[in-house]
Amino acid sequence: MTFWIVISLITLATACLLSLVLLRGRDSGEPAAAYDLQVYRQQLRDVDKDLARGVLQEADADRIRTEISRRILTADAQAQAATTGRSQPRALTGVVATALAGLVCGGTYLLYANLGAPGYSDLGLQLRIDAAAERAANRPSQAAAEADAPERPDRVVEPGYATLVDQLRDTASKRVDDAQGQALLSRHEANLGNFAAAAKAKANYIRIMSGDVEARDFGELAELQIMAAGGYVSPEAEDALRTTLTLNRFDGGARYYWGLMMAQIGRPDVAYEVWSETLAMGPEDAPWVTAISAQIEDIAFRAGVDYTPITPGSVAIPGQNPNPDADLAGPSADDIAAAEEMSTEDRQQMIRGMVESLSDRLATTGGTPQEWARLIGALAVLQETARAQAIYSEAQEVFAETPEALATITAAAENAGLTQ
């Protein structure tokens, strides 16, 4: 109610001010002829003074008076014409002023009714967070988003390539359990811009592999779903992103799309936090760095953050390991095989050092399912069965909501003889 009172007063004050200007008309002051009359009358008085002092002769004084009198008559006629000229019609002015006031008041209300949010009260931070959570829970599904997505123009491809893709589709439809065929179909459907079909094939590939997949597989699935939905992050894409980040929290592409989702549901504060960390992680030539750099300033404004440009790759993130599989801290099968040539004591010391390093890192910063599986296998080699069983139990709790990751860890436990 306070809002309407304030806005009404401001609108009425503006309308009254504009109407008053019209009603008063234009006041330009006295005409120039009135000033000329004052000058000429003063000149007449000066002629009489000069005549009294003997400066002028009577004949000259009469001639000057005649000339000044003529000018006075002309100036007086001009002043009378200016005073009695056409004035602003008051009736018409009143009508225009009333119409203007109505236009200002009515136009302001109509604009707010169409562009504003009548009846929408001010929202505190917690209410905004709750509204974002509700919006996230009720947002359209992947199928609905794909149905509403704008049509894309067909890509121009060579007839031979299109024929090969048709053959691949036919083969993949007959061999529904062929993981390699589904992976190829997903890649080529994406090349043709058929992102919905590509996402379906990628989902089939993940299903067929039964957990023997990596973080990037789920990241690719999420990206295909998002592209099929025209840039919208659906609940299904969110699930794929969540799995990706569970397997590898440093996946830059997944982090970019996670921030995009937060921006879409009304949480620019979370989006800015995720994007700023991702941008700082770099690397500078990563595709997600370009995408984030183009949008982060606007997200910072929406989040109420005083944005300071971030140099990609300039900040070291604690526990960062962008490619976990490239530098696993535990002993690999090759490491253990090479250790067979050492003495028993040296071999045990080498393996134990690797195991302890990996164990410490998983306990402090976490890691991928492959790292947990490697630790379980290494402990089994060291014949520390009880400890391996404890690590296995902990891993089951960590990845309880990620069946694909849990399958990798369970397979390692079975190889170590922990599930018998």
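This passage describes the overall make-up, the nonpolar cores, one enclosed helix and the cysteines of a predicted model.

The protein chain is built with 19 helices and zero strands. Of its 420 residues, 33% are buried. The accessible surface of the chain amounts to about 25,400 Å², and carbon and sulfur atoms account for 55% of that area. Long-range pairing is well represented: among contacts between residues at least 6 apart in sequence, 64% join residues at least 24 apart.

We can turn next to the interior. The largest nonpolar core contains 62 residues, and those with the most contacts inside it are Val-233, Leu-241, Trp-258, Trp-275, Trp-372, Leu-375 and Ile-409. Helix H12 gives the most to this core, with nine residues. Because domain 2 (159-303) and domain 3 (324-416) both supply residues, the core lies between them. Another core, of nine residues, lies apart from it; Leu-37, Ile-72, Ala-75 and Ala-79 are among its members. As a general point, nonpolar side chains in soluble globular proteins tend to be buried together.

Helix H13 merits a closer look. Its 14 residues, 268-281, reach 20 Å from the first C-alpha to the last, close to the 20 Å expected at 1.5 Å a residue. Ten of the 14 residues are buried, so H13 is largely enclosed by the rest of the structure. The buried residues are Pro-268, Ala-271, Tyr-272, Val-274, Trp-275, Ser-276, Thr-278, Leu-279, Ala-280 and Met-281. Their cover includes helix H12 (252-265) and helix H14 (287-303). Within H13, Trp-275 offers a handy point of reference, as one of the residues with the most contacts inside the largest core. Leaving aside neighbours within four places in sequence, Trp-275 is in contact with Arg-255, Tyr-256, Gly-259, Leu-260, Ile-292, Gln-295, Ile-296 and Ile-299. Just after H13, Gly-282 adopts a positive phi of about 70°.

Finally, the cysteines: the structure holds zero disulfides. The sulfur of Cys-16 has its closest cysteine sulfur in Cys-105, at 7.8 Å. A disulfide calls for sulfur atoms within 2.5 Å, so this separation is too far for a bond. Seen from the other side, Cys-105 is likewise in no disulfide, and its nearest cysteine sulfur is that of Cys-16. Cys-105 is partly exposed, with a relative accessible area of 26%.

How values were computed: Residues numbered from 1 in each chain as written. Predicted model: local features only at pLDDT ≥ 70, side-chain atom pairs only at ≥ 80, totals over all residues. Heavy atoms only, no water. Helix = DSSP H or I, 4+ residues; strand = E, 2+ residues; numbered from the N terminus. Expected span 1.5 Å × (residues − 1). Buried < 20%, exposed > 50% of the residue type's maximum accessible area, 1.4 Å probe, protein only. Contact = heavy atoms within 4.5 Å. Core = buried A, V, L, I, M, F, W, Y, C linked by side-chain atoms within 4.5 Å. Domains from an automatic or database assignment. Areas by Shrake-Rupley, 256 points an atom, 1.4 Å probe, with all protein chains shown as cover.
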